[in-house]
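Student: Could we go through this model together, one question at a time?
Tutor: Gladly! Here it is.

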Amino acid sequence: LPTITSSCNQIDTIYTSPLTRARETLDLLRQSAPSNTLLPSKGSEIVLRNLREIDFYSWENRRKEDIIANYPQEYAAWTVGDPDGLVVDGCHRPLWEVWERAGEVWREIRSSSSSPTTSTRLAASSTEVTDTSRSSSGLEIEYYGNGDGDCDGNDETTATLLVCHGTLGQALLGSAFGLDATIFRRVDFPNCGMAEIVWHEEDEFASVWRWHYPTPTEYGCLRKQLAAGDMISAEM
């Protein structure tokens, strides 16, 4: 959190997943925030159900070995990021569904913002899901500013913090650039990885992004990076 709030020291609104581990992450973030960071009061955060992790339906709370043994083709589709091949209970396609939810999250947050400013910054931290019964929570921070990264008091700037989960973090990043679930696994979110998205308010999609943690990177366009065949990792 200090690396994200170094230039903008106020968060105006917090959205969180309804899952307990996300709420616990938010508590830890409050405890570790720099003393000069202004946060909404505890209990004022907005619980957004669409920020929950990917839905696996009857697979949830089952051992990975059991899933592999009973649904080898479907599990293989999950491991390689095949949204069409990952089918659960004969009718659910979890990757397509989580991407749809990510789009709904963006629409809700952007439509509810009263900021008159011209760009959005987002930082996302999340944990890659390695077991269908467990996933760790993460955070996202969204900055509305003038697009140059400065918060010098001359701009009407608002910041929104989202606390969510790993697979959804990939979906939020991809959908911000208008990319669908076929990019899953090409953007590797490490444990507590943090990214920043620059999204001008008048634009349909985000313009550039970068990793903040664990290894800061330069800004780039996700569409162009993936078109070049890059594997996107915070540890690159």
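Student: What share of the residues of the chain count as buried?
Tutor: This is a predicted model, so the answer comes from its computed coordinates. A residue is buried when its relative accessible area is under 20%. Of the 236 residues of the chain, the share that passes this test is 49%.

Student: And how many helices and strands does the chain have, and how much surface does the chain expose?
Tutor: The chain holds six helices and nine strands. Carbon and sulfur atoms supply 48% of the exposed area. That exposed area is about 10,800 Å².

Student: Among contacts between residues at least 6 apart in sequence, what percentage join residues at least 24 apart?
Tutor: Contact here means heavy atoms within 4.5 Å. Taking the pairs at least 6 apart in sequence, the part that joins residues at least 24 apart is 66%.

Student: Let's turn to α5. How many of its residues are buried?
Tutor: Helix α5 covers residues 166–176. Its buried residues include Gly-166, Leu-168, Leu-172 and Ala-176. The helix is mostly covered, and the count is 11 of 11.

Student: At what angle do the axes of α4 and α5 cross, and with which hand?
Tutor: Helix α4 spans residues 94–112, and its axis comes within 8 Å of that of α5. The crossing of the two helices is right-handed. The angle is roughly 65 degrees.

Student: Which kinds of residue make the contact of α4 with α5, and how many of each?
Tutor: From α4, the contact residues include Leu-95, Trp-99, Arg-101 and Trp-106. From α5, Thr-167, Gln-170 and Leu-172 are among them. Glycine counts as polar in this sorting. The residues divide into 10 nonpolar, five polar and one charged.

Student: Where does Tyr-57 lie, and what is its phi?
Tutor: Tyr-57 sits in the loop between β2 (46–47) and α2 (64–70). Most residues other than glycine have a negative phi. Tyr-57 instead has a positive one, near 55 degrees.

Student: The loop between β2 and α2 also holds Asn-61. Is Asn-61 buried or exposed?
Tutor: Asn-61 also has a positive phi, about 65 degrees, although it is not a glycine. Exposed means over 50% relative accessible area. Because the relative accessibility of Asn-61 is 68%, this residue counts as exposed.

Student: What about Tyr-57: which class does its relative accessible area of 31% give?
Tutor: The class between under 20% and over 50% is the one that applies. With a relative accessible area of 31%, Tyr-57 is therefore partly exposed.

How values were computed: Residues are numbered from 1 along each chain as its sequence is written. This is a predicted model: local features need pLDDT of at least 70, side-chain atom pairs count only at pLDDT 80 or more; totals for chains, interfaces and linings use all residues. Side-chain values use heavy atoms; hydrogens and water are left out. Axes are lines fitted to C-alpha atoms, for helices over the stretch in contact, and angles run from 0 to 180 degrees between N-to-C directions. Helices (H or I, at least four residues) and strands (E, at least two) are DSSP runs, numbered from the N terminus. A crossing is left-handed if the near helix is turned anticlockwise from the far one by less than a right angle, and right-handed if clockwise. Buried means under 20% relative accessible area, exposed over 50%, partly exposed in between (1.4 Å probe, protein chains only). Accessible areas come from the Shrake-Rupley method with a 1.4 Å probe; for residues, only the protein chains shown count as cover.
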